[in-house]
Amino acid sequence: MALSLYVDTARWRAHQKSVIDQFPGLVPVCKGNGYGFGHERLADETIRFGSDILAVGTTYEAARIKDWFSGDLLVLTPFRRGEEPVPLPDRVVRSVSSVDGVHALVGARVVIECMSSMKRHGVKEEELGLLHAAIEDVRLEGFALHLPLDRTDGSDAVEEVIAWMDRLRAARLPLHTMFVSHLRAEELARLQQQFPQTRFRARIGTRLWLGDHEATEYRGAVLDVTPVVKGDRFGYRQQKAASDGWLVVVAGGTSHGVGLEAPKALHGVMPRAKGVARAGLATVNRNLSPFVWAGKQRWFAEPPHMQVSILFVPSDAEEPKVGDELVAHLRHTTTQFDRLVDR
């Protein structure tokens with residue numbers, strides 16, 4: 001009995017192809033938990049569709065994935081002096097976001113990150129003149145721009161890239177390859193048309209692996225069902241049942257990522273109102289679970305355990321049976337499955 005990730009493989013791969021067709025030369029990204037699929041599976045998919053490169057988050061991920069993928073590996077986390085050395089093959093390309101970092105990587109293959117409006121990390125415009133001497137001692141694979149997802153000020157992503165291209169050109173730095181993130185296909189095409197001598201490579205993860213929500217589905221198996229009546233005590237904290245129904249033990253707990261939620265950026269009155277309502281319910285131990293039964297998301301009977309969750313299903317719903325599977329609305333990037341099932 002497990003928390004399973006079901007994948008409609010034909011549909012999932014058809015979506016991958018549609019993204020690859022829109023972004024020629026894209027760099028697939030495999031970081032964190034492998035977008036819910038795992039590193040080994042995404043390495044296999046990358047080999048299948050023939051990419052020459054795979055981007056990973058850290059050097060530790062590169063050390064694991066190197067045995068599953070034989071092409072180039074681009075580490076997205078920038079190099080810092082003093083970081084723990086991790087033995088890596090020459091086909092690993094390091095991102096660098098400072099002139100000092102470039103100087104420290106003599107002989108290495110590097111991609112230099114430029115400071116975008118994300119303001120996360122990157123070489124600044126006033127530092128470009130210092131790069132001339134620094135790049136003499138490395139193998140420069142190109143420059144990179146990591147762009148924001150939303151542009152609430154109405155600015156144009158393409159114009160931001162063009163501005164950086166002009167700065168790099170004015171500094172007489174090589175523009176043979178530019179790695180970019182969070183551009184639409186038509187924006188990438190505009191750039192390629194304006195700079196035909198530069199190869200633009202889009203680094204894409206979420207859109208590639210998770211862009212078709214109907215291609216994947218998490219399900220938790222029902223392990224036990226116990227009838228309760230109003231007032232019965234149950235669970236670790238011996239709370240009282242609010243009404244008649246069933247306590248349903250389902251596979252999927254905190255070790256799988258159930259009950260864990262990343263902060264969200266809320267826009268508009270309604271999403272904020274819903275957030276306030278959820279917070280208010282949580283103060284009286286009412287927390288909605290991600291598991292669905294009989295067409296409704298069901299409430300946690302108590303906070304999820306390490307490997308299972310206990311749900312409350314009221315008596316006016318159909319009784320779940322041991323072995324049934326409940327669909328679970330879980331975030332791929334924070335979920336660890338027990339098994340992956342291709343359909």
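How many bridges join β14 to strand β15, and do the two run parallel or antiparallel? The model is a predicted one, and in it three bridges connect β14 with β15, residues 296-300, in an antiparallel arrangement. One place to see this pairing is Trp293, whose bridge partner in β15 is Lys296. Between the two strands of this hairpin lie two residues, and Ala294 has a positive phi near 55°.

Strand β14 itself covers residues 288-293. Five of its six residues are buried, so the strand is mostly covered, where buried means under 20% relative accessible area.

β14 also has a second partner to follow. Strand β17, residues 325-328, is joined to β14 by two bridges, and these strands run antiparallel. Here Val292 of β14 can serve as the guide: its bridge partner in β17 is Val327. Strand β14 is thus joined by bridges to β15 and to β17.

From the strands, the reader can turn to the aromatic rings. Across the whole structure, a search finds four aromatic pairs. A cluster is formed by Trp12, Phe37, Phe49 and Trp209, which are linked through ring pairs. In general, two things describe a pair of aromatic rings: how far apart the centres are and the angle between the planes.

Aromatic rings also appear beside charged side chains. Over the ring of Tyr6 sits the charged end of Arg219, at 4.1 Å from the ring's centre. Another arginine, Arg167, lies over the face of Trp164, and here the distance from the ring centre is 4.8 Å.

Terms used:
Residues numbered from 1 in each chain as written. Predicted model: local features only at pLDDT ≥ 70, side-chain atom pairs only at ≥ 80, totals over all residues. Heavy atoms only, no water. Buried < 20%, exposed > 50% of the residue type's maximum accessible area, 1.4 Å probe, protein only. Helix = DSSP H or I, 4+ residues; strand = E, 2+ residues; numbered from the N terminus. Pairing = 2+ DSSP bridges. Phe/Tyr/Trp six-rings, centres within 6.5 Å; stacked < 30°, edge-to-face > 60°. Lys NZ or Arg CZ within 6 Å of the ring centre and 35° of its normal.
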